[in-house]
Protein chains: 2
Amino acid sequence: MDLTVTRDGHVTSPAGFSAAAVTAGIKPSGNPDMAIVVNTAGSAAAALFTRNKVVAAPVKVTRAAVADGTLRAVVYNSGNANACNGVAGDRDAEEIQSRAAAALDLDAAEVGVCSTGLIGEPMPMAEVRSGVDALAAGLGEDAEHGAAAAGAILTTDTCSKEVLVSGDGWSVAGMAKGVGMMAPSLATMLVCLTTDADVPAARLDAALRAAAEVTFDTLDVDGSTSTNDTVVAMASGASGVTPDAETFDAAVLAACRDLAAQLQADAEGVTKRVAITVTGAVDDGQARTAARVIGRDNLVKCAMFGSDPNWGRVLAAVGMAPVEMDPDHITVTFNGTPVCVDSAGAPGARDVDLSGADIDVQVDLGLGGHGHGTVRTTDLSHAYVEINSAYSS
Amino acid sequence: MDLTVTRDGHVTSPAGFSAAAVTAGIKPSGNPDMAIVVNTAGSAAAALFTRNKVVAAPVKVTRAAVADGTLRAVVYNSGNANACNGVAGDRDAEEIQSRAAAALDLDAAEVGVCSTGLIGEPMPMAEVRSGVDALAAGLGEDAEHGAAAAGAILTTDTCSKEVLVSGDGWSVAGMAKGVGMMAPSLATMLVCLTTDADVPAARLDAALRAAAEVTFDTLDVDGSTSTNDTVVAMASGASGVTPDAETFDAAVLAACRDLAAQLQADAEGVTKRVAITVTGAVDDGQARTAARVIGRDNLVKCAMFGSDPNWGRVLAAVGMAPVEMDPDHITVTFNGTPVCVDSAGAPGARDVDLSGADIDVQVDLGLGGHGHGTVRTTDLSHAYVEINSAYSS
């Protein structure tokens, strides 16, 4: 297995893909706000969606379109989520789909639609219609077009998120946007993966699901979950190469892992990247549940913001996790230094240095089990409150 | 039923109780940090404790002491939670209990112990021993002694919390402390109720449980739950009056409701008091679960801080609640104004004024069910982050 991972690539890096981006006028800022990615050589596709019961119109449209394992294009817009817009929102999403399909000479069911932005605002369809037409007229396969697409899907992101995983004669690339609401598994997160590997939809779907379970699904910024989360993967087959399953899975995993790390690093208001690993659990599921409960605890997250080795809050948080544990034999380690042994403070615990941007928290539940799991979260900072208290108005 | 509720009362207002407070030297601030409440005329008692699996030493001690339905005194300290201190912590809690008992000429099993403060710090037992002795020597039945006790249990509270509910010849009084971590049911919350009604422990227990379920249990400031939460109720019988069950339950409920309102109003960093009521659910339990999910959502709480009528976040939050709902027919009302009807925005929704300190959120799940429930929470403010990022260091 010989794979190289770099951030110097775009969704157009794999053969058989073109992209475009435009400023349609959806965002008041005047920044680019629409993008498209087109699979010009194949149609195999897979997708994952938010687990929220309240889903945006574009999620309904894309879920139906990809049900047969095919997509030839995905239209993106930022600045408006087209969520909670009732029947009018559904109609708008369908119109975006059918208008893009007509412009590209495709069937409507071959086009996916992804939106991100404010919930509950009607889509400015005059601008969107012109935007769709401009996207179809402006497609290109070069790096500039790919990079432009990655920029046009951003909302409060501070930078583009792209990755390229290269194999022997084939590659997997991806772009992502996402900031807050990255939980409990996907969240105001849009991801588009492209590959020129010659793989069927079922292979793509299996690789994507396995990778998401240990990457996007374990990112938990604030416990909130978006109505719009969508991860799409498209395979063009244009390389003519069919990698073995193990190598292909590894490439998709590497792409998802790197994009998830970029999402975590650019989460809303983040000043710390916190990895919480739980061991000694009955099974991996319980370990991950416990890690998630700790990672969502606002008191733990505030302590991380303050670089405060307040391990008592970790114990108070894990004690509420609905999993088996030995309350008298819990161990907590901060950045490799034991701060709590057998549920009591270790010498020097208050002096552990958490001033760096990366904090590693390890919690052993004391059961001697082999279950383990990791959740990645962030601190709770003034900037998080600032960004999220002044978003819609 | 003729009950009057006032905040001009103390745990010593009902006949048969004495109290004391001292500055033992546990708090670096030099503020009062130990208190005691003694039932001089009876022994009936009931108590509720945190649901956290990780419990502080005093919780273990008090849980065992009250198991037989009796307590004659409760010793309080602030400034140190005596949680996660291992075997030494257990031993310290037991010593506080037995030392107070000896000073008051009681059995150890007649004394409860409650602690609040930092987790994982050894108890400064030299100071605590002197404090226990001073408490026993300084008891008094007047208002000053009651008020002093209410002040000595505070941590980051900004004010004392007391209540007096007067019936015909008898009364129920209470004091409370609590700020953050008030969830999901009790949390770094200590409450002491006293009554001179002549009621057995079973009656007291039933009244306390019923009242807590709809008051303390529905307060949810930050989703975190303390290792130390304890609500104790003691009855002296000194009035010689046995109220009918309905009136007694109503008095206990009134006391708990008023103390819960005081706790909510003084929660860490609060600038808004938010009541979230869910209707149209299958049953009351599902309604309360949905209300709790909304009340814990950081994006909703940040919007409240910003006085931002961003109802889309309420929909995104409720969509993750593990309850039945009709995702296309959810209604949201802010301060009486419908902002979302059939899961889509209502005209004028963005103009609703949320600038006041009290915000009322009503969510109907669209099932036509009769299930309803209310959870009280607060906003997520800069002050919350400030207080909680600089607590231990």
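Biologist: What makes strand β12 (residues 331–334) and strand β15 (residues 358–364) of chain A partners?

Modeller: Four bridges join β12(A) to β15(A), and the two strands run antiparallel. A pair needs at least two bridges, so these strands qualify. Bear in mind that we're looking at a predicted model. For one spot along the pair, look at Thr333(A), which stands opposite Gln362(A) in β15(A).

Biologist: How do you know that β12(A) also pairs with strand β13 (residues 337–341) of chain A, and in which sense?

Modeller: Count bridges again: there are three between β12(A) and β13(A), in the antiparallel sense. With at least two required, that makes a pair too. Thr333(A) turns up here as well, with Pro338(A) as its bridge partner in β13(A).

Biologist: What lies between the strands in the hairpin of β12(A) and β13(A)?

Modeller: Two residues sit between them, and Asn335(A) takes a positive phi near 45 degrees.

Biologist: Let's go to strand β7 (residues 161–166) of chain A. Why is β7(A) called mostly covered?

Modeller: Five of its six residues are buried. Buried means under 20% relative accessible area, so that is the mark those five fall below.

Biologist: Which strands does β7(A) pair with?

Modeller: One is strand β1 (residues 4–6) of chain A, antiparallel over three bridges. There, Thr4(A) stands opposite Ser166(A). Another is strand β8 (residues 171–178) of chain A, antiparallel with six bridges. Lys161(A) has Ala176(A) as its bridge partner in β8(A). β7(A) and β8(A) also form a hairpin with four residues between them, and Gly169(A) in the turn has a positive phi of about 90 degrees.

Biologist: Now the whole chain. How many helices and strands does chain A have?

Modeller: Chain A has ten helices and 16 strands.

Biologist: And why is chain A called as compact as a globular protein of that length?

Modeller: Its radius of gyration is 22 Å, and the globule rule gives 21 Å for 393 residues; the two values are close, so the description holds. The C-alpha atoms fill a box of roughly 70 × 50 × 35 Å along the principal axes. Buried residues make up 60% of the 393 residues. Among contacts with a separation of 6 or more, 80% link residues 24 or more positions apart.

Biologist: Where do the mean positions of the positive and negative charges of chain A lie relative to each other?

Modeller: They are 5 Å apart, counting 24 positive and 49 negative charges.

Biologist: Let's pick a residue in chain A. Why is Met125(A) called buried?

Modeller: Its relative accessibility is 9%. The cut-off for buried is under 20%, so Met125(A) makes the grade. Met125(A) belongs to helix α3 (residues 125–137) of chain A. Leaving aside neighbours within four places in sequence, Met125(A) is in contact with Asp92(A), Glu95(A) and Ile96(A). Asp92(A) is 33 residues away in sequence, with a C-alpha to C-alpha distance of 7.3 Å.

Biologist: Over to chain B. What makes β14 (344–345) and β16 (369–378) edge strands there?

Modeller: Start with the sheet: six strands form an open sheet in the order β14-β13-β12-β15-β11-β16 (chain B), with mixed pairing. β14 and β16 of chain B each have a single partner strand, so one side of each is left without a neighbour in the sheet. For β16(B), strand β11 (residues 273–280) of chain B pairs with it in the antiparallel sense over seven bridges. Thr277(B) stands opposite Thr374(B) in that pairing.

Biologist: Ser343(B) is in a loop, between β13 (337–341) and β14 of chain B. Is Ser343(B) buried or exposed, and what settles the matter?

Modeller: Buried: its relative accessible area is 6%, and the limit is under 20%. Ser343(B) also has a phi near 60 degrees, a positive value in a residue other than glycine.

Biologist: And why is Asp105(B) called exposed?

Modeller: Its relative accessible area is 70%, and exposed means over 50%, so the label fits. Asp105(B) is in the loop between α2 (86–104) and β6 (111–118) of chain B. Its phi, too, is positive, near 60 degrees.

Biologist: One more loop residue: why does Pro243(B) count as buried?

Modeller: Pro243(B) has 11% relative accessibility, set against a limit of under 20%. Its loop runs between β10 (230–235) and α6 (245–265) of chain B. Not counting residues up to four places away in sequence, Pro243(B) touches Trp170(B), Ala197(B), Val199(B) and Phe248(B).

Methods: Residues are numbered from 1 along each chain as its sequence is written. Chains are lettered from A and ligands numbered from 1 in the order in which they are written. This is a predicted model: local features need pLDDT of at least 70, side-chain atom pairs count only at pLDDT 80 or more; totals for chains, interfaces and linings use all residues. Side-chain values use heavy atoms; hydrogens and water are left out. Buried means under 20% relative accessible area, exposed over 50%, partly exposed in between (1.4 Å probe, protein chains only). The radius of gyration is taken over C-alpha atoms; the globule rule is 2.2 Å times the number of residues to the power 0.38. Contact means heavy atoms within 4.5 Å. Lys and Arg count as positive and Asp and Glu as negative; His and the chain ends are not counted. The place of a charge is taken as NZ of Lys, CZ of Arg, CG of Asp or CD of Glu.
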